[in-house]
Amino acid sequence: MAGTEGKAGTVVFSPHIHNRSSIEKIMWNVVIALVPAALSAYHFFGIKSIIIIGTSLLTGIVTELLMCLFARRPVTILDGSAVITSLLFSYMMPTTCPLFIVVSGCFFAIAIVKWAFGGLGCNFMNPAIGGYIFVTAAWKNFSTCGDDPLSVFKSGGWNAVTSAHFENYLNLFIGNIPGTVGEISKLAILAGLAYLVLMRVLLPVIPLVFLGTAAVFLWIFGGIPAGGAFFTGNPLFQLLSGGIALCACFMAVDYVTSPLTINGKIIFAVCLGILTSVIRLWSDFTEGAFYSVAFMNIFVPLIDRFTRTRIFGYGRLR
Amino acid sequence: MDLLKITSASFAAIFINNFVFSRFLGFCPFFTVSKKPYFAVIPGLAVTVLMTLTCAVLYPLNHYVLAPMILEKYLQTAVFVFLAYLITQAAQFAMKRIMPYSSGEIFSYFPLLSSNCAVLGAAFIIINENYNIIQGLVFSFSSGIGLTLALLMMSSVKERIDSPHIPAAFKDLPISLISAALMALSMYGFTGIFK
Amino acid sequence: MKHFVLGLAPVLAVSTLTINGIGMGLIFALTLLLSSGLIFLIRDHLPEIIRNSISVIIIAAVVTLIQLATVHYAPDLCASLGIYLPIIAVNCYIYYSAGVYPGAEAPLKTFKACLYIVIISVFAGLFREIAGKGTITMMIAGAGFTYDLGKSILKDISLSPAVVFAMPAGGFLIAGLVLAFIQHIKNISRRNKTWIC
């Protein structure tokens, strides 16, 4: 997030003022940051995951090409945004997902959630998340994983987790567990986030506050659905299982669909953390992170309106 | 009359069975909503008051006057429609008398309010589901709050929808419908929380 | 145009099955025709103040008559339409205040509106059910058939129906896409007309 310090204070630039080449640099840096997750998917799942990622990439690029031609705009398949959306969308699909679902979801994400709203920078919802909520509403059984640690914990409690040998935190961290293509290896996701922070693409405000709020909330209320008391949740297990790490590090931080100011980002991330915990604990769905991002994306312009930076020299009319 | 049950039922009416996103009722003011949150919430709150008021009038009418009569199923629809229309017109008249110097933006919404499906829909849902008077009032009030939430969401998104980059085929109404679809999909994540 | 689409809300709401869509469209069109005919006959004889209220009473009476006929002849259709059958009254009133009802000019406008309503409701019901469930249901009052596309045309189960289209979100999505297509065609024809001029 670019900004300058001066005598009057700090000015934060809106990302829309960046010129074309710096947008491309940021996008391709994010693509590089997403590669470790693909490598870990290949290591743990084999060629099936690469087929899904490849199908998604192909669909994404072809859709972007078609949309640029329809809209009579310069062809932008090389600016990296279609690649990011396709990669992120494929990371949310399980390896057993039929390919037609991947194709329709990716097409929906790019054509409708991004291009119907006007292209890069004009959409209000993260395109990958838009594709995900469409696909889980349409084909719920095929697009969600039934046997990852979070589902096992939600249906059977901690006993089921220990009997399925998921309680080893090292396995959860490295990714030696069932799950969707991209969410299993928290090590790869953290490596990508560290790369982005080092290349000064983003400040890790949203991931830290999101994960922190979710951890606190899940620690306080985590034991209640199983009949326990307050403060008996297991935040480490909850943070290391499910898609919350992938969501917090790559989807909630999307420039276009997250608030502009630091205060806005903090409010956004706190609401995300609370919503994710509520959906995880009490809803019919196992993973709440993606739905909470979808819901909060709608309120981002409202958050921006209330956390606008004061322009120096202007004040309220008295 | 358990308090927890009433709260849970009202939250279910706001999030899961939202009047606009689940039941297609009452999205007439939805597409002309203002970008400023204050002016977006005012029609929603007005509809909430109207819905509660209509429920408070129509429920006793149905229970004590129409039901004992043999002609209940013949007269119910006509009486409800006409009375809902009368109440809305009376409210519009009262608003004009109470706040004659208010900003014109508020009053431009009233013609649409008078033909709002939500007010009538709430009354019919209450009759169909056989709620008692307390449940009926809570249901109509929280459905109105749900409608206000939907209006707030739409006004929040309106900034992005009014952008000049939107293709000409999608301008104005189609893109609002597609954003309503995305909002409905995102609220799908709340199913099961409030039983 | 905007009022026309907003008035089609009950059609979108019930068109999860083909027969519901067809039934709702026909009932809506019939209500619109009858009430517009009656109001057209009466409206010139009424003073300005009570014209709206009498129109509402007429619309409500027509809806009640049609509702009773539906309950008598097709009770399962009435049960699946639920509360959206009386809501037709409000939507007819929306059309009335938007000017779809005929005034001094010919009643052709109302006929066109009714035709559009029937066509849109048939296609909405058909598309939403085929995409959402894979069947075509045409059962009314116990008679008719249910055609299961999954068993007859697509013998293998590798393509399963997209349930989202049977949900309200799918209704919004289809309405938005169809409207975008219609607007696109209108824009093209408008552009071509200016070239010819």
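pLDDT is the predictor's confidence in each residue, on a scale from 0 to 100. That score is a handy place to start, since the model described here is predicted. For the complex as a whole, the predictor reports an ipTM of 0.87 together with a pTM of 0.89. Chain B comes out with an average pLDDT of 81, and 88% of its residues score at least 70. Within chain B, the weak spot is helix H5 (residues 110-114), where the mean drops to 55. Confidence in chain B peaks in helix H8 (residues 173-187), at 92. Chain C has a mean pLDDT of 81, with 87% of its residues at 70 or more. Here the low point is helix H8 of chain C (residues 149-152), at a mean of 65, and the high point is helix H4 of chain C (residues 51-73), at 88.

As for its fold, chain B is built from eight helices and has zero strands. Walking along the sequence, the pattern simply reads α-α-α-α-α-α-α-α. Of the 195 residues in chain B, 48% are buried. Counting contacts in chain B between residues at least 6 apart in sequence, 83% link residues at least 24 apart.

One helix pair in chain B is worth a closer look. Helix H1 (residues 3-16) of chain B and H7(B) cross at roughly 35°, and their axes come within 7 Å. The crossing of these two helices, H1(B) and H7(B), is right-handed. On the H1(B) side, the contact is made by B:Ile6, B:Ala9, B:Ser10, B:Ala13 and B:Ile14. H7(B) answers with B:Val138, B:Phe139, B:Ser142, B:Ser143, B:Ile145, B:Gly146 and B:Leu149. Sorted by class, the residues in this contact of H1(B) with H7(B) are eight nonpolar and four polar, with no charged ones.

Chain A offers another helix pair. Helix H9 (residues 186-198) of chain A packs against helix H12 (residues 244-251) of chain A at an angle of about 15°, with 10 Å between the axes. Angles under 35 degrees count as roughly parallel, so H9(A) is roughly parallel to H12(A). H9(A) passes H12(A) in a left-handed crossing. From H9(A), the residues making the contact are A:Lys186, A:Ile189, A:Gly192 and A:Leu193, and from H12(A) they are A:Ala245, A:Leu246 and A:Cys249. By class, that gives five nonpolar residues, one polar and one charged in the contact of H9(A) with H12(A).

Turning to contacts between chains, chain B and chain C meet through 34 residues from chain B and 33 residues from chain C. On the chain B side, the elements that give two or more residues are helix H3 (72-98), helix H6 (117-128) and H8 of chain B. H8(B) gives the most, with eight residues. The side of chain B that touches chain C divides into 28 nonpolar residues, five polar and one charged. H8(B) is also the helix where confidence in chain B is highest. The contact between chain C and chain A takes eight residues from chain C and six residues from chain A. On the side of chain C that touches chain A, six residues are nonpolar, two are polar and none is charged.

A few single residues round off the picture. B:Val79 is in helix H3 of chain B, which is among the elements giving two or more residues to the side that touches chain C. B:Val79 has 18 other C-beta atoms within 10 Å, so this valine is partly exposed; a residue would need 20 or more to be buried. B:Val79 and B:Leu61 lie 18 residues apart in sequence, and their C-alpha atoms are 9.5 Å apart in space.

Two other residues stand out for their backbone angles. A:Arg72 is not a glycine, yet its phi is positive, near 55°. A:Arg72 sits in the loop between helix H2 (47-71) and helix H3 (81-91) of chain A. With 7 other C-beta atoms within 10 Å, A:Arg72 is exposed, because 12 or fewer is the cut-off for that class. In chain B, B:Asn130 also has a positive phi, about 55°, although it is not a glycine. B:Asn130 is found in the loop between H6 and helix H7 (133-161) of chain B. B:Asn130 has 8 C-beta neighbours inside 10 Å and therefore counts as exposed.

Key
Residues numbered from 1 in each chain as written. Chains lettered and ligands numbered in written order. Predicted model: local features only at pLDDT ≥ 70, side-chain atom pairs only at ≥ 80, totals over all residues. Helix = DSSP H or I, 4+ residues; strand = E, 2+ residues; numbered from the N terminus. Contact = placed C-beta atoms within 7 Å. Nonpolar A, V, L, I, M, F, W, Y, C, P; charged D, E, K, R; others polar. Axes fitted to C-alpha atoms, helices over the stretch in contact; angles between N-to-C directions. Parallel < 35°, antiparallel > 145°, perpendicular 65-115°, else oblique. Left-handed = near helix turned anticlockwise from the far one by under 90°.
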